[in-house]
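Please study the chain displayed below and work through the exercises that accompany it. Each task is followed by a solution in steps.

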Amino acid sequence: PGAGKGTQCEMMVQRYGFVHLSAGELLRQERASGSPDGQMIEDFIKEGKIVPVAVTLGLLRKAMEASKGNRFLIDGFPRNWDNIQGWEEVMGGQAQVDCVLFIECPEAELERRLLHRGETSGRTDDNIESARKRFKTYVESTMPVVHHFDVAGKVRRVPGAVGGPEAVFERTRGAVEPFLQDELLQLTKRLLDAISEGNWDIYTDLCHESLTCFEPEAVGHMVEGLDFHKFYFKDASEEKREAPQIVRQSTIANPHVRIMGTSAVVSYTRVVQATDLRFNTHSSVSFEETRVWELIDGVWKHVHFHRSGTPEGPVANK
């Protein structure tokens with residue numbers, strides 16, 4: 001409590017386009033709504049206790065389903081072992097936990113921040129009595145949760161006591177961006193697999209309809225739209241029917257991912273291997289590619305493609 005989770009989440013939303021869901025804020029909104037659970041939530045919050053998991057999970061799931069995005073920052077949850085079990089039972093097959101950001105800060109500094117915030121926040125739990133109850137609950141109930149995710153290799157610690165929000169955010173970026181880079185590499189690999197398999201549906205699902213490209217096959221022109229690419233998929237499908245014994249796959253070598261807020265550039269060497277099962281022969285070709293991704297409505301979409309050089313070998317598709 002008081003470590004600055006909300007502030008860091010707001011900054012990540014602005015930079016990366018995450019959907020921020022604060023468990024505490026959802027509970028406070030429900031409390032103010034006059035619903036049957038409102039008074040119960042008020043009593044739990046005032047006592048610094050953890051609200052029953054069924055209530056919190058119900059609010060989180062409702063907010064996630066109402067969102068267009070698929071990348072969430074869940075702030076202040078799970079808070080105890082009951083929360084973890086509830087999450088796995090209700091959301092385990094629908095949402096994957098990539099990492100847990102743990103903002104470290106001494107208790108004395110947390111207390112100072114909460115009391116300072118209480119001067120203007122109007123929150124009933126921003127007082128010395130509630131703060132100390134919350135600290136006690138945190139140590140007893142939430143630290144075992146941190147340990148659970150730490151053992152699973154998912155905890156990323158961010159020192160939060162030194163420097164202002166911007167300085168802390170630089171450290172937060174260092175913890176978050178490796179996961180975003182991995183996500184973008186996985187999307188790029190999925191795109192290349194769709195190309196190798198001639199799967200037009202997956203390809204179009206990953207690409208924006210106004211995809212632009214600049215490559216040797218475009219003969220020096222910038223091409224916009226998916227029609228240019230569809231021709232090659234049709235050609236590849238016909239070839240696959242005529243020669244099903246030829247198997248191709250793409251491998252990404254020497255990848256580099258640069259994230260610039262809600263845009264990202266993935267550059268790499270693409271190695272395309274082909275095996276002719278009829279004659280047990282193998283061949284390969286490689287070339288340099290760059291793919292630009294843009295976060296649109298909370299989902300990464302492939303928006304631009306550039307290939308350098310003309311490959312010599314058995315492959316000529318996107």
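The exercises below concern strand pairing, nonpolar cores and salt bridges in this predicted model.

**Exercise 1. Strand pairing around E10**

Task: Determine which strands join E10, and in which direction each pair runs.

Solution.
Step 1. Begin with strand E5, residues 207–214, which is joined to strand E10, residues 299–308, by four bridges. These two strands run parallel. Within this pairing, Thr212 has His304 of E10 as its bridge partner.
Step 2. Turn to strand E9, residues 281–296, which is joined to E10 by nine bridges. Here the strands run antiparallel. Glu289 is paired in this way with Arg307 of E10.
Step 3. Inspect the connection between E9 and E10. The two strands form a hairpin with two residues between them, and Asp297 adopts a positive phi near 55°.
Result: E10 is joined to E5 in parallel and to E9 in antiparallel orientation.

**Exercise 2. The largest nonpolar core**

Task: Establish which elements supply the largest nonpolar core, and where this core lies with respect to domain 1 and domain 2.

Solution.
Step 1. Identify the central members. The core has 29 residues, of which Tyr16, Leu184, Tyr203 and Trp293 touch the most other members.
Step 2. List the contributing elements. At least two residues come from each of helix H1 (5–16), helix H8 (165–197), helix H9 (200–206), E5, strand E7 (246–260), strand E8 (263–276) and E9. H8 gives the most, namely nine residues.
Step 3. Compare with the domain bounds. Domain 1 (5–162) and domain 2 (187–308) both give residues to this core, so the core lies between them.
Step 4. Note what lies elsewhere. Another core, of 18 residues, lies apart from this one; Leu26, Leu57, Trp87 and Met91 are among its members.
General remark: nonpolar side chains tend to be buried together in soluble globular proteins.

**Exercise 3. A salt bridge between distant parts of the chain**

Task: Locate the partners of the salt bridge between Glu183 and Arg71, and state whether Arg71 is buried or exposed.

Solution.
Step 1. The whole structure contains 21 salt bridges. In the one considered here, the side chains of Glu183 and Arg71 meet at 3.5 Å, N to O.
Step 2. Glu183 is in helix H8, whereas Arg71 is in the loop between helix H4 (53–66) and strand E2 (72–75); the two are 112 residues apart.
Step 3. Glu183 has 26% relative accessibility and therefore counts as partly exposed. Arg71 has a relative accessible area of 7% and is therefore buried, since buried means under 20%.

**Exercise 4. The network around Glu289**

Task: Trace which residues are linked with Glu289 in a network of salt bridges.

Solution.
Step 1. Arg270 forms a salt bridge with Glu289, with the closest N and O atoms 2.9 Å apart. Arg270 belongs to strand E8 and Glu289 to strand E9, 19 residues apart.
Step 2. Arg307 also meets Glu289 in a salt bridge, at 3.3 Å, N to O. Arg307 lies in strand E10, 18 residues from Glu289. Arg307 is the bridge partner of Glu289 in E10 as well.
Step 3. Assign the accessibility. Arg270 counts as buried at 0%, Glu289 at 1% and Arg307 at 2%.
Result: the network links Arg270, Glu289, Arg291 and Arg307.

Terms used. Residues numbered from 1 in each chain as written. Predicted model: local features only at pLDDT ≥ 70, side-chain atom pairs only at ≥ 80, totals over all residues. Heavy atoms only, no water. Pairing = 2+ DSSP bridges. Core = buried A, V, L, I, M, F, W, Y, C linked by side-chain atoms within 4.5 Å. Buried < 20%, exposed > 50% of the residue type's maximum accessible area, 1.4 Å probe, protein only. Domains from an automatic or database assignment. Salt bridge = Lys/Arg side-chain N within 4 Å of Asp/Glu carboxyl O.
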